[in-house]
Each structure stands twice: as C-alpha cells, then as structure tokens.
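User: Before I rely on any label attached to this chain, I would like to see the reasoning behind each one. Could you take the terms in turn and set them against their cut-offs?

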Amino acid sequence: MLFTCTLQRVASIQGQDFRHRVRAMNEPKDTQKPGFFRRILGKSEPAATVSAPQTDAESAAQANWWADLTSQSEAGQTGTQVLFADEIQPDVEAKSSLVLPDVAANPIASQFASQSASPAEVAVPAPKTSWWNRLKSGLTRTSSQLGRGISDIFTKRKLDSATLEDLEDLLIQADLGLPMASRIAGVVGKGRYDKSIDPDTVKIILSDEIEKVLMPVAHPLLLSGHKPYVILVVGVNGSGKTTTIGKLGATFTGQGKKIVLAAGDTFRAAAIEQLKIWGGRIGAEVIAREQGADAAGLAFDALKAAKESGADVLLIDTAGRLQNRKELMDELEKIVRVLKKLDPEAPHSVLLVLDATVGQNALSQVEIFGKVAGVTGLVMTKLDGTARGGILVAIAERFKLPVHFIGVGETADDLEPFKARDFARAIAGLEQ
C-alpha cells in the first residue's frame, strides 16, 4: 500500500513539473529572463507574439499524456518515434527570424565578429628553386666525390708526385678524362712541390681549368637564316629526346615563334602520344602517323607542312638507336637525305641528346652520331644528382662541339642554355 502511494505521488510531482515547463514555454517572451549571450551583448529579447493562456482542458490532456507515457514505459513500450536526418524538415521561419547583434554598438560583439570574419589562411606555394641551386644539386654526386677526395689528398700533406697521381686518379674517376686530369694535375703542381696546399685552392684551380675548356663550346642555339629552321634531334634509347623537344618547343613558343613538331619516333606509340601532349601544352602543330610508319616519309611530310603553314621552327623527333646498330644508323642517314630534297641545307641543326648518367659511353655516341647524322650541337640531360657530370668536360675537350643546353629535371624550365662558368663552379663544389 505504501509503495503504491509513493508511485502515485511521484507521478503527480512529475506531471506538475511537466505542466509547469509547458506553461513557461507558452508565456510571452518579454516575461522570460534574457539569454546568456544576449546579456553579454547588451541586447534585449525581441518582442514575440503572446500566446493564449492554457485552458484547464489542455492541462488535463497534457497530464493524461504524461500518465500514458509512464504506463507505456512500465509495460516496456516507449512509444518513441525515431526520425532520421533526411526526415527532419528545417524550421525556415525560425532561421529567418534571427536577430543579429549590433556589432558597432558593443565592443565584445565587435571582437567576436572580427575573429569570425577573418579570412581563411591560404597555403602559399613555395618559391621555385633558382637555376643555380638546381644545377648545383644536379651535380652533387660529382662535386661531393671531388670535394671529399681533394680534402683527403691535400689535408696535412705536402705536394709531391704521389699526391698529384692521387689527384689524377680522382679526376679520372669523375669522368673528366685522362687528358683533362693530367692538365689539372700539372697546373696544381706547378711551383708547389714540397709545399702544403689548401684543398680550397685546389678546388679553385679545378674550376678555372674546367671553365677554360668549356668556355669555347658554350654557344646558344641561334635560329636564323632559314624558315622554317629545321632541327633534327637524335640520340640513343632513353636519353630524353622527346622530352627535350617538348622543352625546346616551349622555349621557342615563349619567344613568339610558330612551332611544328614531327613525331618521327614511329617505333614507340608512347613517344607519339607524348609529343602530342607537348604540342597541346605549347600550342604547336604535331605531324604524326600510325606506329610503324616510315620515319623518313614522315619527316618529309612534316617539312612540307611547316613550309606551307609559315612555321618558324620544325623540331623532328627520331627513334632511339644504339650507335653500334648499323641498320638503325642507316635509317637515320635516310631521314637526312630525304629532308635535303625539300631543302638542300636541311637539317640546319642536328642536336645529339646525351644522358649524363651513361658516363664514358657518351664519348662513342658523340663520335658515331657525328659521322652518320652530322651532329652540330649537344644537349646534356638528366643532371639530377645521380649523374657524373664530368663526362661533359671530357667531351668538350675532345670533340669541341657546341653545348647548347643542359637539363636538370622534367619541367619545361628545367632546360637552360649552357653556361661554362656556372657548370665549372658547381662541379668543383664552389659557390656562384
């Protein structure tokens, strides 16, 4: 009996508490205490429509609802309806009736507004590394090898014949070649026997001697005297011919010249598509045929199209070929002969693209391609930190061919005109 009375008392108290909260919701807004943020911001509550007072019948209905809910809970039935997110309709009127605080009238509100209105931080892209730093990074392998070796040889040692032999060995290992190594060792030893020499002094001598060899071959590629100016690009497999053509095309387009690209590497479908992509980037016309087409015939058609369109430059790609494959080198000769039928002086430049990572093999490439295709200039690519760039010095000392460009990466601005002093100081590990 006592337990039953207690339950009835609890239900009565809960029903009264519910009715009290319902009445509070129905009271006019101006009789309620202002909210916390409105008290901080110094704003009064907006006037609201006064609801009609609750009748005894409505109060009884709410009490009965609470009793029903209690009985359902005791019976294990909550009767609660769950609404998912997509079933809930937003209260548009409630949102539209919001009253924003007067920012100008309240300093605290002004502070909050300034914080919330601050623009989002935008990530600023890092500035591109300078050409000098990219070149220096590309020659890291050679400069580090030479720097460590020179320090080991000349630190706390007097100069003698054994020291100079060690220096020669070091320079030969860096692909500078025997003639260049002997020349540098002779300059270092001149007038310094039985004397100490600082490693930094040796590096300066190394840089100066390399610059003397490279300076006569550092020539820009001049496009003059012919329209279109025909450039035939040759080299072994994987040397970077197609990418180099795209970069050269971007450079010439930036100079305001009209460019035509010829996809003469008909052995590789990927090379044809790659050149088409470059053509789309730089806005150049691309002359291409299906894979396996005759490369000489394509070169002929490309030169004819370039003449008809008034192009300034025609860049012709060719299939990569090993210099010791006679049948492939004969095909290269055929391309040259066919071009001369339309222009007796074409091609006006034959650029041999050399991979800086191949080392001494580059010497035989220059020799054989020079005989077959009449190479007129060099482009050294892939100076990306893994190459031994000293081979370019050996090539310059032996063949005296112009070096027009060097490349240190994959983007268009990673191909730059060759500068002898920069190359010499970077390979010696000196600052610009």
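The exchange below goes through confidence, burial, contacts and helix crossing.

User: What kind of model is this, and how is it numbered?

Analyst: It is a predicted model, in which local features need pLDDT of at least 70 and side-chain atom pairs count only at pLDDT 80 or more, while totals for chains, interfaces and linings use all residues. Residues are numbered from 1 along each chain as its sequence is written, and side-chain values use heavy atoms, with hydrogens and water left out.

User: Which element has the lowest mean pLDDT, and which the highest?

Analyst: On pLDDT, the predictor's confidence in each residue on a scale from 0 to 100, helix α4 (residues 92-96) has the lowest mean among the elements, 41, and strand β4 (residues 313-316) the highest, 98. Helices (H or I, at least four residues) and strands (E, at least two) are DSSP runs numbered from the N terminus, and the protein chain has 17 helices and eight strands. Its mean pLDDT is 79, with 69% of residues reaching 70 or more.

User: Where does pLDDT stay under 50?

Analyst: One such stretch is residues 107-120, for which the model has six contacts beyond four places in sequence, and another is residues 47-51, with three contacts of that kind. Where pLDDT is low, the predicted coordinates should not be read in detail.

User: Why is R134 called buried?

Analyst: Buried means under 20% relative accessible area, exposed means over 50%, and partly exposed lies in between (1.4 Å probe, protein chains only). R134 has 16% relative accessibility, and therefore counts as buried. This residue is in helix α6 (residues 131-138), and its side chain reaches the backbone oxygen of D413 at 3.2 Å. Contact means heavy atoms within 4.5 Å; leaving aside neighbours within four places in sequence, R134 is in contact with K128, T129, V408, D413 and D414.

User: Why does E333 count as partly exposed?

Analyst: E333 has a relative accessibility of 32%, so the residue counts as partly exposed. E333 is placed in helix α14 (residues 326-342), and its C-alpha is 9.9 Å from that of K371, although the two are 38 residues apart in sequence.

User: What makes S207 buried?

Analyst: S207, in helix α10, is buried because its relative accessible area is 1%. Apart from neighbours within four places in sequence, S207 is in contact with A424, R425, A428 and L430.

User: How do you know that α17 is mostly covered?

Analyst: Seven of the eight residues of α17 are buried, namely A420, D422, F423, A424, R425, A426 and I427. These buried residues pack against α6, α7 (140-154), α10, α16 (390-399) and β7 (403-407). Across the protein chain, buried residues make up 40% of the 432 residues.

User: How do α10 and α17 cross, and which residues meet there?

Analyst: The axes of α10 (residues 199-214) and α17 (residues 420-427) come within 8 Å and cross at roughly 145 degrees, where axes are lines fitted to C-alpha atoms, for helices over the stretch in contact, and angles run from 0 to 180 degrees between N-to-C directions. On the α10 side S207, I210, E211 and L214 meet A420, R421, F423, A424, R425 and I427 of α17. By class, this contact has six nonpolar, one polar and three charged residues, with Ala, Val, Leu, Ile, Met, Phe, Trp, Tyr, Cys and Pro counted as nonpolar, Asp, Glu, Lys and Arg as charged, and the others, Gly among them, as polar.

How values were computed. Polar contact = N/O pair within 3.5 Å; in protein donor to acceptor, adjacent residues only side chain to side chain.
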